[in-house]
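Grab a pencil and work through these exercises with the model open beside you. Each task comes with a solution that goes step by step.

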Amino acid sequence: MSTLTAVRMARHLTTPFGRGADSLALTLLPGSDPAAARIAPYDFRDHRATFGHPAEPTYVLALLRDCERDTVVALELAGPGSAGGPVSLTVAAGTRAGTSYPLRLPDGTTEDTTLTGLVTTPAPADGSAAERWSLTALLGTTGKLLWALGAERDQLRHQLARTLGQRHLSRATGASLDLIGADLGVPRFPPLPYGYDEHVIALYHLDDEAGADPQVEDLTGRYPGRTGHHGTISGPVQPGSPSRYGRAFRFAGPAAVVTVESSPDFDIGPTADATVECFVRPDPGSSDGLLLTRHPDPATGLAGWVLGTGDFGRGLPGNLRFAVGDGTSTVELFADLSLPTDRFSHVAAVLDRGAGLVTLYVDGKPRDHKPLGRPFGAVGGTAPLLIGPAGSGFLGTIDEVRLSSVARTDFFPVLGESDEHYGRRLRIFRRWILPTPANLTEVLNTAVGRIGSTDHPLVVDDANRRVLRGTRVVTVVPVGLLPGEVIDRDGRRRVAEADTVGTAADEELFDPVYLLRHERADVDYTPPPPRDVRPYELPPDPHRLQLVVADPLDRLADLAAAEAPAGRLRVESAFDPRADDLRATGRALMLRHSTLPPGRLAALAHRAGFDFVRCPGDADPVYAACAVGDHLGIDLTPPGAGPTDLTAGSAVQLAVRPALPADAFVRWLTVPCGPGRATVTEGPAGTATLRAGDPGGVVVKVDVSRGGHTLSATRTLRVGPADLADGGQIAADGTLGAPVDVVGGPDPAFDPVFLTRHDDPRAVYGTDPNHRLVQHGVAERLDALLGELDRQQIVGKLNVVGAFDPAGDELAAQGRGLTVRHRGLPPGRLAAAAHAAGFGHVRRAGSDVVLRHTAQPLVAVAGPDTVDEGESVDLRVVPPPAAVGADTRLDWASGAPANGLTSWSTTTQPTPRLTGVRAGAVWVQAAYLLGDGPAPYTFEVRLRPELPADTVISKDQYDLIMNILNALHPIGVEVSTRAIRERVIEIRGEALAANPDHTFPKFRVRSGSPRRTKETSP
């Protein structure tokens, strides 16, 4: 309870003034309804006992909260002089808290007359009368004088508290709230068309196009369980006219009208509230006429209501009038202003039975109100609802007609976002929120409130859809280099040679004796010009180069011969001890071609594997260099053939390349590498004999020492079995007797749609179609097996007697196994060939060979491995989307570990074209998204699954959801709102309405605070 200034001032007076300044605060208790309050019994015996003088009470009624509308306060009396009835006073709308009123009691009242109760008309919009008012009895003349002196101070104190409260979000209003929002970068929502709520009887946006069916749609008919009250047009009605919100209906003549057939839904029951509202812009030539009508004859006192404009004898043309009657009495209200003809005005009439009032609003402000008076009956009948003049003189445009079964005082959103709604949004954005799914769920549910039957209707789900990916590396290669241009192995141009391949000074252990002599019949070598060779200096030699350069040079010769068969590759210079580049150590070459231009030859050198290539001018040779590598290599005699280098029990001769000088000391050894075993026996002139033992990988190493320095070379060899005994089994790494579980268990992501159909004329599959179905990785191994059989020149076809078997073991049931046999090859040798082809596990079972393979990606990308800069290649995904399912989403992506760059013709179709943009390696990925959950880096907002399928989200709630998500969703994370968009009636099929601009955050808009005007100042 707020204490009057008069009471606080009295506390500072001395005792002689105590009697005159004495007071008594009365206690207000809640009454039988919010409009009433009981006053606790009291008397003035303490005052008489203290001062020996009877009290002379004057009662002061104080307002504790701002008064929103005109209110009549009636105070009930008991005791002498109370026969005249209650004492009443009227408090005007807009009166601020702190205002107080002295009560004038009837003649004949005495000290024994007391106040017993308080009744307000209308009832408070929120809370009770006991919370809005206070009563104080001033018992002497001094107290009354102090009240006269301090009454304004009470008002100023409350105004000060209100002003100071504007800096706090919980108490700010109007422009102060806008300033807080400007500081947060969160402006108010702009005025928006009406949305649906459960109290709407009929809603006409009047944005229907000419010829639409229905002609005038009632939006409520789109909602579950509702039947729309659609209207028909007659007379000169012009749909599509400019309006406050896009389009509206212009009524261009007296006969223009929209007629909605009568319905009991339009009746206002004897205890029901109602609101009738619309936007209107009269034409300059408009006269007295009707806007909205449901009345059998507006000129009579029959039951019904009428909203119209005219003079009505009040001297204001275009004045707004609302009349409502129950057939016995009629309440008539006037706005007493002329509606403007250059803009739209929002007009509303509200019948509030709880408050006992009818109120007329213009642009959200009450212009007139009247009490209902006697018990006001139902407003019903069979008259249709009419929109427009209907034979009267109104001409103009009408928009956004809404009829409601509730008494509305807040016309959000058509008049802009209300303080309550705006403040609720600002409370979300004023603090930082970690955007976890749990936090976003809590924020959304707190802001949105009840949807359907629950107060926590929304779920933020980040459980990703199952994703299956296939990847392929595609190298973008240059078509040609420009004069003076350089390129490194990764495709980067504008690089320095020293940063890419080093310098000759980096090779402290370089020894020319380890240079290799290169000799090819299809390559020419230009003899060096004559030179005086210094003592101990070696002459330049175009044949001599380091081992690391030999392989790229061979590949370049092959590429050049394939592209220009009539031309010849020429090595202009190789090892040259006087060169100022890497030719000084044999790691670089100067190259020409008889027919290929230098730019093209440089591009082929890059493709061949040189680490640094420079394209000179037209007259100079191409420079190609390699990074530091091994000086020595290990050769086998006979060389390995096929997937394995040698078979168990066989022997090969080992030699070092290049040929070693006589004073070099050579040491051979083997290094264990898994189950593979072999023994090495050193031979003459630095050679050795290697005899294979157990299958598997074997690392052979040679150390060459000369002049106090040692160089090493290694080579990994694969030893394969020559045969496999019946019942024997072998793993991919060569482990004999390995169990089948070395290939792993079943893949939880497997689905039969990802199996590949294998068709090869070199194999026989039988009549069972499942014998052709395998996973893509198994199909690649099967191709390798057929290739190995061809290499061995085995006559006959491979019989595939088992593949995908849904009833088989867990691997066969996923297409990761094969059972094969061959009439022209013993099963033991067939098993050895399958092991060589790379199957993860091979088992011989009599005449059959049972193959199992490790889990590999179920999706593969097929297509070329290279693409020229500026050219395109076709890629495809295996299996194609048509085989996977219609509800599957396919996404293509690419990336580069270094310099490569590509572009796509499409990222969602099964056969996109990939265009090379910049040289370098690029990984290409095809990803299938399965199921209906969110994609990676995506979360989904949806309703709880227990809510009915026809649950509807209002447009206001949807805008609030979008505003929160746009502001708070994590960076780099996509938000899927499809599930909630489908629940918003107003935006179904409206792509542009799915993400309205006003829901985006304006955190970067710092153009200043909202302009303060007299109308918006608090």
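**Exercise 1: a strand and its neighbours**

Strand 16 (residues 289-294) and strand 17 run antiparallel and are joined by five bridges. Strands here are DSSP E runs of at least two residues, helices are H or I runs of at least four, and both are numbered from the N terminus. Two strands pair if DSSP finds at least two bridges between them.

Before going on, a word on the model: it is predicted, so to speak of local features we need pLDDT of at least 70, side-chain atom pairs count only at pLDDT 80 or more, and totals for chains, interfaces and linings use all residues. Residues are numbered from 1 along each chain as its sequence is written, and side-chain values use heavy atoms, with hydrogens and water left out.

Task: find the partners of strand 17, then work out whether its residues are buried or exposed.

Step 1. On the strand 16 side, L290 has G308 of strand 17 as its bridge partner.

Step 2. Now look at strand 18 (residues 319-325): it pairs with strand 17 over seven bridges, again in the antiparallel sense. Here T309 sits opposite L320 of strand 18.

Step 3. Check the faces. In a regular strand, side chains alternate between the two faces of the sheet. In strand 17, G304, V306, G308 and G310 point one way, while W305, L307 and T309 point the other way, and all are buried. Buried means under 20% relative accessible area, exposed over 50%, and partly exposed in between (1.4 Å probe, protein chains only).

Step 4. Strand 17 (residues 304-310) has seven of its seven residues buried, so it is largely enclosed by the rest of the structure.

**Exercise 2: a loop proline**

Task: place P512 and say which residues it touches.

Step 1. P512 is in the loop that runs between helix 9 (497-501) and strand 28 (516-517).

Step 2. P512 counts as partly exposed because its relative accessibility is 21%.

Step 3. Leaving out residues up to four places away in sequence, P512 touches L538, R544 and F575 (contact: heavy atoms within 4.5 Å).

Step 4. T585 is 73 residues from P512 along the chain, yet their C-alpha atoms are separated by 7.4 Å.

**Exercise 3: the whole protein**

Task: describe the overall build.

Step 1. Count the elements: 16 helices and 60 strands.

Step 2. The radius of gyration is 47 Å, well over the 31 Å from the globule rule for 1018 residues, so the protein is more spread out than a compact globule. The radius is taken over C-alpha atoms, and the rule is 2.2 Å times the number of residues to the power 0.38.

Step 3. Of the 1018 residues, 48% count as buried.
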